[in-house]
Amino acid sequence: LHMGKTMKEDLTVVAKYIKQLYPPEFNVFGIYAELYHNYFASQAKKNAESHLEDKDIYLLLSWVHNFYPKEMRKDHTLAMELDKVKLGSLLPSSLSKELEKKYLDSEEVTVKTSLSRCLDKEIQRWKEDKEPEKLNGHFQSELLGIFVIQSIYSGQKRAEDISKAMGEELSRRLLKELPAFLRSYRDAFEDFKEKSKKHKYYKPILIANINNCWNFREYTEKYMAEKDDSKTDILSTLADIENSGFDVLLQQLFAQLKPMYKKFTENKWDSSSEIMNEIIKTTSKHISDFQTLKDPFYHAIVEKIHTRLVKEYIVRLLKRKVSLKTPAQQQTLAQHISKNAADLEAFCTGNGSQATWLNSALPKLAEIIRLQDLGAIKIEVATLATSYPDIRKRHLEAFLHIKANLSRSELKSILGYLADSTASTQPRAPLFSNINVS
């Protein structure tokens, strides 16, 4: 600092007052600048070749890349004069690169160690079985969700303050560390999930860990290139953590719903409104627990619930437990299904489901039951297959068991129509492909 200040002040005096006392060919400013620079550079080289602590390396590199070329030599009084002199860098390129490598290696190890310690502390917190902190009504782990990102970001920023190239190199290195860290995190989370089911705050801790994934997602989307393999790796690991957490959170609900859905076929869809009300009431109790999830995850889990509710209803329709011979009976069942579908849609949408693609499945099935004209049934089957291209012959055949007044040839004609219309289309989201037909 003393050398830099002295050089800057003295050269300013030379530029303002001394150089005009000599003829231009004496190049007075250039001689002074070279002498000062050479002395400064010799001292920098001497320091660089001695044993330096990490902080000293950082400061020396800051002088080489930042303070010396930008702060000093770009001073408005000196810049024009110094541009004519071409002084070069404070350190030889080979020595500068050696220091840069030392610094980057050290910083990489520091951040890696910091992340490892952070995960160890987080695992210890899980074992203590305390309720996680809340931020804006959402459970979270400040230590893991925020500290890890800050550690990586701070490392990048420090390197970037030396030079843009160093910032980019450290960023590349640290972003390669993130997938490995997240895999360790996922493994630790799985271990906790399996071994700690009796903990008092088991579910809040699961929710906090799902919420942690959001910071990592945002950071990855913002700072990583689309084609970067590490990005795919990170997002895949985060999805594993999220879905694994969702599965546990939904386990109890789905187990409770199973016997309720069986009542539809056991009662041949009589009292179906009461059964649907029971399903909605049970689901509602569970959904209130999920309000502590961050909004994107809350919407994701509600969509999973919405999908499951529709899917389980379709499963009952495909069980071949009901076979109706008259149009009047079919009309009554269609009305029950339409009513149930409307109640289900209102409930799921009211609770924040954005899975609008599910809303037409049950009404379309109800319409196929209601219709009696063969041509009209085929058209409705075609529109159903367009909306849900993963529906297959086995699904439709099981469903059409309800319409006992169809002849064998009519049934074959409808099934053939479905095969043609679903030949080449892939579903954007699966519904029927997750349903096995017995």
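In this predicted model, Lys231 is located in helix 9, which covers residues 229-266. With a relative accessible area of 3%, Lys231 is buried, because the limit for that class is a value under 20%. Apart from residues up to four places away in sequence, Lys231 touches Thr220, Glu221, Met224, Ala225 and Glu226. One of these residues, Glu221, also takes part in a polar contact, in which its side chain and the side chain of Lys231 are 3.3 Å apart.

Helix 8, made up of residues 202-223, contains 22 residues, and at 1.5 Å a residue these should span 32 Å; the C-alpha atoms at its ends are 33 Å apart, which agrees with that expectation. Of the 22 residues in helix 8, 16 are buried, so this helix is largely enclosed by the rest of the structure.

A further buried residue with a charged side chain is Glu107, whose relative accessibility is 7%. Glu107 belongs to helix 5, which runs over residues 93-128, and, when its neighbours within four places in sequence are left aside, Glu107 is in contact with Gly155, Arg158 and Leu170.

Side chains of opposite charge can pair when their charged atoms come close. Across the whole structure, a search finds 26 salt bridges. Among them is the pair formed by Lys19 and Glu81, in which the closest N and O atoms are 2.4 Å apart. Lys19 lies in the loop between helix 1 (2-18) and helix 2 (28-49), whereas Glu81 lies in helix 4 (residues 79-85), so this pair ties together parts that are 62 residues apart in sequence. As for their surroundings, Lys19 is partly exposed, at a relative accessible area of 29%, while Glu81 is buried, at 15%.

Glu81 also meets Lys84 in a salt bridge between their side chains, with an N to O distance of 3.9 Å. Both Glu81 and Lys84 lie in helix 4, where they are 3 residues apart, or about one turn of the helix. Lys84 counts as exposed, because its relative accessibility is 61% and the exposed class begins over 50%.

Another salt bridge is formed by Arg186 and Asp187, whose closest N and O atoms are 3.9 Å apart; Asp187 counts as partly exposed at 47% relative accessibility. In addition, Lys101, Asp105, Glu108, Glu169, Arg172 and Arg173 are joined into one network by salt bridges that share partners.

How values were computed: Residues numbered from 1 in each chain as written. Predicted model: local features only at pLDDT ≥ 70, side-chain atom pairs only at ≥ 80, totals over all residues. Heavy atoms only, no water. Helix = DSSP H or I, 4+ residues; strand = E, 2+ residues; numbered from the N terminus. Buried < 20%, exposed > 50% of the residue type's maximum accessible area, 1.4 Å probe, protein only. Contact = heavy atoms within 4.5 Å. Polar contact = N/O pair within 3.5 Å; in protein donor to acceptor, adjacent residues only side chain to side chain. Expected span 1.5 Å × (residues − 1). Salt bridge = Lys/Arg side-chain N within 4 Å of Asp/Glu carboxyl O.
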